[in-house]
Amino acid sequence: MFLTKQNLVMARTLGVAIVAALGLGGCATYKEEFATINSRLDSLDQKVQSAAQSAESANQSAQQANQRLDQLEGRVQQLETAPRRVPRG
């Protein structure tokens, strides 16, 4: 009877070891999938940062263009309200 209990304990231990090995073996495939997902996220993050920089640059250019238009508008109004010159000749 002693051998049977010992065999039962051994079988139980082997069963636990096999289940643990299979469980840990499945984690290796997830590791690759997580690496792929992280790579995609890094790529998307770079694209978002690039787009944000482009938007900021476009915003600054638009502000400079608006300032120049404001300067020109004042000059145009000044020329339009100036008295007409009489042509020579």
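**Notebook: one chain, one helix**

I began with Arg84, which counts as exposed at 80% relative accessibility. The cut-off for exposed is over 50%, so Arg84 falls in that class. I note here that the model is a predicted one. Arg84 sits in the segment after H1. I then looked up its distance to Asp45: the two are 39 residues apart along the chain, and their C-alpha atoms are separated by 60 Å.

**The chain as a whole**

I looked up the secondary structure next. The chain has 1 helix and 0 strands. The radius of gyration is 39 Å, whereas the globule rule gives 12 Å for 89 residues, so the chain is more spread out than a compact globule. I also looked up the box that the C-alpha atoms fill, and along the principal axes the box is roughly 135 × 20 × 10 Å.

What share of the 89 residues is buried? I found 0%. To count as buried, a residue needs a relative accessible area under 20%. The accessible surface of the chain comes to about 8,700 Å². Carbon and sulfur atoms account for 59% of that surface.

I looked up the charges as well. There are 10 positive and 8 negative side chains in the chain. The centres of these two sets lie 2 Å apart.

**Along the helix**

Helix H1 covers residues 2–81. I picked out three of its residues, Ile37, Ser57 and Gln67.

Ile37 has a relative accessible area of 43%, which makes it partly exposed. I found Ile37 again in a nonpolar surface patch, together with Tyr30, Phe34, Leu41 and Leu44. The area of this patch is about 530 Å².

Is Ser57 partly exposed or exposed? Ser57 is partly exposed, because its relative accessibility is 39% and the exposed class starts over 50%. For its place along the helix I took Leu22 as a reference point. Ser57 and Leu22 are 35 residues apart along the chain, with 53 Å between their C-alpha atoms.

Gln67 is exposed, with a relative accessible area of 51%. I paired Gln67 with Gln77, which is 10 residues away in sequence. From C-alpha to C-alpha, Gln67 and Gln77 are 16 Å apart in space.

**After the helix**

I went back to the segment after H1, where I found Pro87. Its relative accessible area is 69%, so Pro87 is exposed. How far apart in space are Pro87 and Asn7? I read 121 Å from C-alpha to C-alpha, for a separation of 80 residues in sequence.

**Last entry**

I put the main values side by side. The chain holds 1 helix, its buried share is 0%, and its radius of gyration of 39 Å is well over the 12 Å of the globule rule.

How values were computed. Residues are numbered from 1 along each chain as its sequence is written. This is a predicted model: local features need pLDDT of at least 70, side-chain atom pairs count only at pLDDT 80 or more; totals for chains, interfaces and linings use all residues. Side-chain values use heavy atoms; hydrogens and water are left out. Helices (H or I, at least four residues) and strands (E, at least two) are DSSP runs, numbered from the N terminus. The radius of gyration is taken over C-alpha atoms; the globule rule is 2.2 Å times the number of residues to the power 0.38. Buried means under 20% relative accessible area, exposed over 50%, partly exposed in between (1.4 Å probe, protein chains only). Accessible areas come from the Shrake-Rupley method with a 1.4 Å probe; for residues, only the protein chains shown count as cover. Lys and Arg count as positive and Asp and Glu as negative; His and the chain ends are not counted. The place of a charge is taken as NZ of Lys, CZ of Arg, CG of Asp or CD of Glu. Patches are made of residues with over 30% relative accessible area and no salt bridge: like charges are joined within 9 Å, nonpolar side chains (Val, Leu, Ile, Met, Phe, Trp, Tyr) within 5 Å. A salt bridge is a side-chain nitrogen of Lys or Arg within 4 Å of a carboxyl oxygen of Asp or Glu.
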